[in-house]
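Please open the model in a viewer and keep the sequence panel visible. The tour proceeds by selections, each followed by a short account of what is found there.

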Amino acid sequence: MADFVGSANLIRGRRRPELDGDGLVVLETPGGALVHGVANGRRAGEEAVFSARTVHLQLSRERPSAAHNVWPARVRSRVFQGDFTQYHLDWNGRRLVLRCVTSEPVAEGTDLFLSVDPRHCVLLEEESPPVIGSPRHENH
C-alpha cells in the first residue's frame with residue numbers, strides 16, 4: 001500500500017528478511033513489488049513502512065539499469081506548479097506522487113519506469129500501540 005503525506009510517499013509492506021543484504025531491508029507490497037530501503041538503525045516488525053520523498057522518485061522512458069527499485073508505472077495526472085511538475089502515478093495497484101523539474105513533460109496515460117535509489121527509501125519507526133491513560137489514548 002502507498003499513501004501520500006506532505007512531500008513523502010509512504011510505502012507499506014510485509015518484511016522479507018530473507019532478501020535483506022548489502023545493508024538494505026526489503027518489503028513486499030500487497031501488489032507484490034519488492035522495495036529495498038535503509039533502516040538507519042531502526043527495527044522493523046513483520047509489517048513495515050518506508051518513506052520515499054517525492055523529489056527522490058525518478059521517471060524514465062527506458063528501463064534504468066539499477067538492480068533494485070525499478071518498476072513499471074503509468075502517469076495518471078500531472079500538474080505544473082511553477083518550478084516543478086507534480087505527477088500522480090499508478091504503481092503496483094496504488095498511487096504515488098512524484099515531483100520533478102522536467103523540460104519535457106510526460107503526458108497523462110504514458111507508461112514508463114519509476115525508480116528510486118534504495119538509500120532514499122527510509123524505514124519509519126514502528127508505532128507502538130497507545131497506552132491507556134496516555135495522551136494518545138482517548139477514553140470514550
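Begin by selecting Asn92, which at 25% relative accessibility counts as partly exposed, a class lying between buried (under 20% relative accessible area) and exposed (over 50%), judged with a 1.4 Å probe and protein chains only. The model is a predicted one, in which local features need pLDDT of at least 70 and side-chain atom pairs count only at pLDDT 80 or more, while totals for chains, interfaces and linings use all residues. Residues are numbered from 1 along each chain as its sequence is written, and side-chain values use heavy atoms, with hydrogens and water left out.

**The turn at Asn92**

Asn92 is located in the loop between E8 and E9. Its phi is near 55°, a positive value in a residue other than glycine. Next, select strand E8 (residues 85-91) together with E9; strands are DSSP runs of at least two residues, marked E and numbered from the N terminus. The two run antiparallel and are joined by 7 bridges, and strands count as paired if DSSP finds at least two bridges between them. To see one such pairing, display Gln86, whose bridge partner in E9 is Arg99. E8 and E9 form a hairpin with 2 residues between them.

**A second hairpin and Ala33**

Move to strand E3 (residues 25-28) and strand E4 (residues 34-37), which are antiparallel and joined by 4 bridges. Leu27 has Val35 as its bridge partner in E4. This hairpin has 5 residues between its strands, and Gly32 in the turn shows a positive phi of about 95°.

Now select Ala33, in the loop between E3 and E4. Ala33 counts as buried, at 8% relative accessibility. Leaving aside neighbours within four places in sequence, Ala33 is in contact with Leu27, Glu28, Trp71, Trp91 and Asn92, where contact means heavy atoms within 4.5 Å. The list thus leads back to the starting point, since Asn92 is among the contacts of Ala33.

**Asn69**

From Ala33, go to Asn69: the two are 36 residues apart along the chain, and their C-alpha atoms are separated by 8.7 Å. Asn69 is in the loop between strand E6 (58-60) and strand E7 (70-80). Is Asn69 buried or exposed? Asn69 is buried, with a relative accessible area of 2%. Its phi is positive, about 60°, although Asn69 is not a glycine.

**Ser103 and the pocket**

Select Ser103 in the loop between strand E9 (94-100) and strand E10 (111-115). Ser103 is exposed, with a relative accessible area of 78%. Phe84 is 19 residues away along the chain, and the C-alpha atoms of the two are separated by 9.6 Å.

Then highlight Leu59, Ser60, Arg61, Tyr87, Cys100, Val101, Thr102, Glu104, Val106 and Leu112, which line the second largest pocket. By class, this lining has 6 nonpolar, 2 polar and 2 charged residues. The second largest pocket has a volume of about 160 Å³. A pocket is an open set of points on a 1 Å grid over the protein atoms alone, where a 1.4 Å probe fits, with protein on both sides within 12 Å along at least five of seven lines; lining residues have an atom within 4 Å of a point.

**The whole chain**

Finally, select the entire protein chain, which has 0 helices and 11 strands; a helix would be a DSSP run of H or I with at least four residues. Buried residues make up 36% of its 140 residues.

How values were computed. Grid points are joined across faces, edges and corners, and a volume is the space filled by probe spheres set on the points. Ala, Val, Leu, Ile, Met, Phe, Trp, Tyr, Cys and Pro count as nonpolar, Asp, Glu, Lys and Arg as charged, and the others, Gly among them, as polar.
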